[in-house]
Protein chains: 2
Amino acid sequence: MSNLINRQIQLASRPTGEPTAANFRLVETPVPEISDGQVLVRQHFMSLDPYMRGRMNDGKSYALPQPLDKVMEGGSAGEVLLSRHPDFVVGDTVIGRGGWQQYAVFDANQRGALQKVDTSRIPLSAYLGAVGMPGVTAWYGLTQIIDPKADETVVVSAAAGAVGSAVGQLAKARGARAVGIAGGADKCRYVVEELGFDACVDYKVHADLKSLTQALKQACPMGIDGNFENVGGLVLDAVMANANAFSRVALCGTISGYNGAPIPMAAPSLILVNRMKVQGFIVSEHPQHWPAALKELGEGVASGKLKYRETVAQGLESAPEAFIGLLKGRNFGKQLVKLV
Amino acid sequence: MSNLINRQIQLASRPTGEPTAANFRLVETPVPEISDGQVLVRQHFMSLDPYMRGRMNDGKSYALPQPLDKVMEGGSAGEVLLSRHPDFVVGDTVIGRGGWQQYAVFDANQRGALQKVDTSRIPLSAYLGAVGMPGVTAWYGLTQIIDPKADETVVVSAAAGAVGSAVGQLAKARGARAVGIAGGADKCRYVVEELGFDACVDYKVHADLKSLTQALKQACPMGIDGNFENVGGLVLDAVMANANAFSRVALCGTISGYNGAPIPMAAPSLILVNRMKVQGFIVSEHPQHWPAALKELGEGVASGKLKYRETVAQGLESAPEAFIGLLKGRNFGKQLVKLV
């Protein structure tokens, strides 16, 4: 396939604070020949996710840092163009971690590197969102850490995002009350009117701890039993100020601190006072739960019961700006880049 | 018994910051007559515990505040002087929550209010420490939250205290490595040489986060898998900076913040980065675990395997100063007041 040119976006430098376009570099390389066991995929969608910001740093984290001068890593969905592996044929729709580029070569012998997906009832892009990693993240944190009982109140931050929107709907399906926290009236309206949450608090209107705590108190008159935390910082502090005895926090992200110094937790003694459990998790470390999660999520999307939204940027070049926007909360639902 | 005078210490005012002697008041009252179902106990030992400081505030907590102008509440051990309940006879050694006074009347029909204890192999005072609430606290947090595996490293703060000294010994008995944090060379020597911990870090020598983090790193070359946290603040921050993936924090106390404003947690994002579980607990809420805990603790003390130390203040009047000293870490092991 040496007649094909592959365009990709590499990490050119590590951001200090907020990433800028200058941290990325667009390069063109020939699409390589593939060897035995490999599959060449034309990518249709790239997934942009907040966790990528953490990997752009060089510090200690749960994953190796994104290497400099290499293609940005990330989930993707596409179509098989060439296959030298018996499990894949041309035209198969697949997902994998193809990164920020138009064409990706996968070693299909590596377990889980490339997976066929059925697009007859579920759109290809949904496998990067509601029926993919973000959906399973929501499912795991909600069912395995928060484990809500009927009539308990579950609060989720970044509620209009890919993960948050699923958390609230899955909580409602279990008979719990779902309250979102999101930035802006549009997002809050969407969370309540389209996703069916019981309430949503606009953190932009309540920008200090006292105000946000009070707004959450009104939205959660019976207190908070479960918190799916994507944001951290002030939002987590306000949740903790309303936490019930024996409440659970599934700590999934701390997006508020991704661009700078660690943000402290104001009153950790509340963990003791309220006998809380605060637990961090990374969904990729719990593969045994993925089949059950994907079954529920897939059925939800196929039947239309589980709603989701996508913000789609067009073209590879749009990825850096779309990613910067994601970190600023400009997206509604799952942030994707469409390549074809 | 109207010929007997009961002396008691009441809470006269709520402390702001560190308690002082002026917050307490010594009063004399007649020992009341007892009614059917009641038991009069001459108290031998009063238990002083850090949790009492929290109850002296009027704020929201897991227990009702200590009432003003009433006898200070707390655990105690003594001997039955008069009984109008069939389960108790004069001379029985008992424990209950008799408070800071020489004589206490118990409603023995109230389940658990008064319990007979066998002092043939275990000293009466130990039922307020290693074989009482502090011991069970250690046992619960260690076995039910930290659940250490062999060769894992468990760190406990306030390691020379009643709870901490049991935590490390119980961890060692399970094949784990036990590292203490304590204030002063004497305490650290005791923790290692007498209690058998593998190491102990003197937080007074390492008074800032960087230094304490580094000292813990040296004491825990394989990182920290479990943390039994009695102190909070800087100590917890330094533990978290050395936490391994999937480590567990049993949050039992935040004594460093008892006297003032809440102390923040510096880097809660580490809970996510290290996929930690941080869980607060109150041992009295888990009565189903007490029998197993007391069995192990009692056998340990009776056989001499489970070591403990007591700091005993003499006489009711010494209680306020002994309590103030406890909050400053002046005690070695269990802080008691001896009344006879």
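Reader: I have just opened this model and clicked on B:Met133; is this residue buried or exposed?

Author: B:Met133 is buried, because 21 other C-beta atoms lie within 10 Å, and a residue counts as buried at 20 or more. Please keep in mind as we go that this is a predicted model.

Reader: Where in the fold does B:Met133 sit, and which residues is B:Met133 in contact with, leaving aside its neighbours within four places in sequence?

Author: B:Met133 belongs to helix α2 of chain B. Once the neighbours within four places in sequence are set aside, B:Met133 is in contact with B:Gly75 and B:Val283. You can also ask how a separation along the chain looks in space: B:Met133 and B:Glu321 are 188 residues apart along the chain, and 22 Å separates their C-alpha atoms.

Reader: Let me try another such pair. How far apart are B:Val205 and B:Leu234 in space?

Author: From C-alpha to C-alpha, B:Val205 and B:Leu234 are 13 Å apart, with their positions 29 residues apart in sequence. B:Val205 is part of the loop that links β10 (199-202) to α5 (209-219) in chain B. With 13 other C-beta atoms within 10 Å, B:Val205 is partly exposed.

Reader: How do I read a whole helix, say α3 (residues 162-173) of chain B?

Author: Begin with length, then look at what surrounds the helix. Helix α3 of chain B has twelve residues, and from its first C-alpha to its last it reaches 17 Å, close to the 16 Å expected at 1.5 Å a residue. Ten of its twelve residues are buried, so α3(B) is largely enclosed by the rest of the structure. Among the buried ones are B:Ala162, B:Val167 and B:Leu170.

Reader: What covers the buried residues of α3(B), and which residue with a positive phi follows the helix?

Author: The cover includes helices α2 (133-146) and α4 (185-194) of chain B, along with strands β8 (153-157), β9 (177-182), β11 (224-229) and β15 (334-338) of that chain. After the helix comes B:Gly175, with a positive phi near 85°.

Reader: What should I know about the sign of phi in general?

Author: Most residues other than glycine have a negative phi. With that in mind, look at chain A. A:Asp147 is not a glycine, and its phi is positive, near 45°. A:Asp151, also not a glycine, has a positive phi of about 75°.

Reader: Where do A:Asp147 and A:Asp151 lie?

Author: A:Asp147 is in the loop between α2 (133-146) and β8 (153-157) of chain A, and A:Asp151 is found in the loop between α2 and β8 as well. A:Asp147 is partly exposed, with 13 other C-beta atoms within 10 Å. A:Asp151 is exposed, because 10 other C-beta atoms lie within 10 Å, and 12 or fewer makes a residue exposed.

Reader: Now the whole of chain A: how many helices and strands does chain A have?

Author: Chain A has nine helices and 15 strands. Its radius of gyration is 20 Å, close to the 20 Å that the globule rule gives for 340 residues, so chain A is as compact as a globular protein of that length. The C-alpha trace spans about 65 × 45 × 35 Å along its principal axes. Of the 340 residues in chain A, 52% count as buried. Among contacts in chain A with a separation of 6 or more, 67% join residues 24 or more positions apart.

Reader: Which domains is chain A divided into?

Author: Chain A is divided into domain 1 (5-128 + 309-338) and domain 2 (133-284). In chain A, 13 residues of domain 1 are in contact with 15 residues of domain 2. On the domain 1 side, four of the touching residues are nonpolar, six polar and three charged. The C-alpha centres of these two domains of chain A are 28 Å apart.

Reader: And how many residues of chain B are in contact with chain A?

Author: 26 residues of chain B are in contact with 26 residues of chain A. On the chain B side, α7 (269-273) and β13 (277-280) are the elements that give two or more residues. By class, this side has 15 nonpolar, nine polar and two charged residues.

Reader: What turn lays chain B on chain A?

Author: A turn of 180° with a shift of 0.0 Å along the axis does so, at an RMSD of 0.0 Å. That is the relation of a two-fold axis. The same surface serves both copies, as 100% of the contact residues of chain B recur in chain A.

Conventions: Residues are numbered from 1 along each chain as its sequence is written. Chains are lettered from A and ligands numbered from 1 in the order in which they are written. This is a predicted model: local features need pLDDT of at least 70, side-chain atom pairs count only at pLDDT 80 or more; totals for chains, interfaces and linings use all residues. Copies are superposed by least squares on the C-alpha atoms of residues with pLDDT of at least 70 in both. Two residues are in contact if their C-beta atoms, placed from the backbone, lie within 7 Å. The radius of gyration is taken over C-alpha atoms; the globule rule is 2.2 Å times the number of residues to the power 0.38. Domain bounds come from an automatic or database domain assignment. Ala, Val, Leu, Ile, Met, Phe, Trp, Tyr, Cys and Pro count as nonpolar, Asp, Glu, Lys and Arg as charged, and the others, Gly among them, as polar. The expected span of a helix is 1.5 Å times one less than its number of residues.
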